[in-house]
Structure formats: structure tokens, C-alpha cells
Amino acid sequence: AQLARVLQRAGYEIVQVASGEEALEAVLQTNPSIVLLEIPLGGLSGYEVCRALREEIRDIPVVFVSAARTESYDRVAGLLVGADDYIVKPFSPDELLTRVRHLVRRSQPPMPSIAAKLTKREREVLQLLVDGLRQDDIAKRLFISRKTVGTHVANIMRKLGVRTQAQAVAAAYRDELTDVAP
């Protein structure tokens, strides 16, 4: 009950079940971002549910949260059957939320990198900006018009979410979009 309240207050949608069989069914029907399990459940144990989830759905984060099984060997067993984490009750709500957020974020497909959003030509223009060239020099180097360079620079700044060329260069260093180390 406390666990559900903590997660709901943090904005998570909760599905609670009473047995291991219901847990498996709920996971397969709702495709949750994370599964939190107690070890003793009605029917299948939390260990059995975790093992079944690992066979069916490998990439879903599973966390054991237990007041009954708190010894080191319990935690080791939970991790060995495939859990991503094991939290012993009583727990700190902040610690629980931090661990849950980390596992959910880690399990989500990665966002396309900024470099993937830039075209090959935009990456070339950005690299030349990083090298210190002005737009006129970039146009000569790439055999394109200054206006075309300006269009590329505007697209780069929009895609990087910056307002100036200096910010674009800083973002290129920060996000390792260049061939030159700072």
C-alpha cells in the first residue's frame, strides 16, 4: 500500500495484483514500464514470476521489494533469478523512486542521437564551425554558396536547440559531435 502510494504520487500508473499468476497475466496484458514483486505471493512465488518474465520478456525491469526476505542470501537469490534490483522494506521513498526511475529510463529505447538528426552536410558544416571557420570560408571549402551555408547553420542550430553559432559549437563539444576533443 505504501509502495503504491509513493509511485502514484510520483505519477506512475499502478496495477496491483495478489498472486503470481495474476502478476504474469497483468504484465502480459498491460506491458508495464517496470515490475515490482514481493517474494511470497499467492500461487507462484516472486522468484517464479521473475524467472517466467525473463523467459517471456527479457527487457522489462524487475525489482523485488520485500519485508519478509531481507537477508543477503535472499537478495542474491533475487538477483540470480534475474531481478534488476532488490529493495528491503522499510525503504526510503526517495531511494525507491530513484531506483525505479533509473531502471525505467535505462530500459526505454534510446532516443535518436543528435548526430543522427544532422545530415552529413550539416555535420561537415558543424565540424568546420568547430574548427573556427567563418561562413564565407566554409562556403569556399565546401564549394557551396554562403546562403546555403547559412541555411545549414540555421538547421544545425534548430536541431541542437541553440540560438547562436557559439552555442552550436559548445553543444558540439558537449555532445561529442566533433572530431576534435576540447
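## A tour from N31 to the C-terminal helices

Begin by selecting N31, which sits in the loop between α2 (20–30) and β1. The model on screen is a predicted one. N31 is not a glycine, yet its phi is positive, at about 50 degrees. Most residues other than glycine have a negative phi, and most peptide bonds are trans. Display the surface at this position: with a relative accessible area of 60%, N31 is exposed.

Step back one residue to T30, which belongs to helix α2. T30 is partly exposed, its relative accessible area being 45%. Now add V15 to the selection. T30 and V15 are separated by 15 residues in sequence, and their C-alpha atoms lie 8.8 Å apart in space.

**The whole chain**

Zoom out and colour by secondary structure. The protein has 10 helices and 3 strands, and they follow one another in the order α-α-β-α-β-α-β-α-α-α-α-α-α. Along the principal axes, the C-alpha atoms occupy a box of roughly 75 × 30 × 30 Å. The radius of gyration is 25 Å, whereas a compact globule of 182 residues would have one near 16 Å.

Colour next by accessibility. Of the 182 residues, 38% count as buried. The exposed area comes to about 11,200 Å², of which carbon and sulfur atoms supply 51%. If charged side chains are shown instead, 25 are positive and 23 are negative, and the centres of these two sets are 11 Å apart. As for contacts between residues at least 6 apart in sequence, 52% of them join residues at least 24 apart.

**Helix α1 and its cover**

Select residues 2–9, which form helix α1; within this helix L3, A4, V6 and L7 are buried. Look down the axis of α1: the buried residues line one face of the helix, because they fall within an arc of 160 degrees. An α-helix has 3.6 residues a turn, so residues three or four places apart point the same way. To see what lies over the buried residues of α1, show β1 (35–37), β2 (62–66) and α5 (93–107), which are among the elements that cover them. Just beyond the helix, select G11, where phi is positive at about 100 degrees.

**The loop after β1**

Move on to I39, in the loop between β1 and α3 (46–56). Is I39 buried or exposed? I39 counts as buried because its relative accessible area is 2%, which falls under the 20% limit. Display its surroundings: beyond the neighbours within four places in sequence, I39 contacts S45, G46, Y47, F64, S66, R69 and Y86. Select A68 as well, which is 29 residues away from I39 in sequence but 7.8 Å away in space, C-alpha to C-alpha.

**A cis peptide bond**

Go next to K89 and P90. The peptide bond that joins them is cis, with omega at about -5 degrees. P90 is part of the loop between β3 (85–88) and α5.

**Helix α7 and its partners**

Select residues 120–130, helix α7, whose buried residues are E122, V125, L126, Q127, L128, L129 and V130. The cover over these residues includes α6 (114–117), α8 (135–142), α9 (146–160) and α10 (165–174). Just after α7 comes G132, with a positive phi of about 95 degrees.

Continue to F143, in the loop between α8 and α9. F143 is a residue other than glycine with a positive phi, near 60 degrees. Which accessibility class does F143 fall into? F143 counts as exposed, at 77% relative accessibility.

**Helix α10**

The last helix to select is α10, in which A168, V169, A171 and A172 are buried. Seen down the axis of α10, these residues line one face of the helix, since they fall within an arc of 160 degrees. Which helices do the buried residues of α10 pack against? They pack against α7 and α9. Turn the view to the face pointing away from the buried side of α10, where A166 and R174 are exposed. End the tour at E176, which follows α10 and has a positive phi near 55 degrees.

How values were computed
Residues numbered from 1 in each chain as written. Predicted model: local features only at pLDDT ≥ 70, side-chain atom pairs only at ≥ 80, totals over all residues. Heavy atoms only, no water. Helix = DSSP H or I, 4+ residues; strand = E, 2+ residues; numbered from the N terminus. Rg over C-alpha atoms; globule rule 2.2 N^0.38 Å. Buried < 20%, exposed > 50% of the residue type's maximum accessible area, 1.4 Å probe, protein only. Contact = heavy atoms within 4.5 Å. Areas by Shrake-Rupley, 256 points an atom, 1.4 Å probe, with all protein chains shown as cover. Lys, Arg positive; Asp, Glu negative; His and termini not counted. Charge placed at Lys NZ, Arg CZ, Asp CG, Glu CD. Arc of directions from axis to C-beta.
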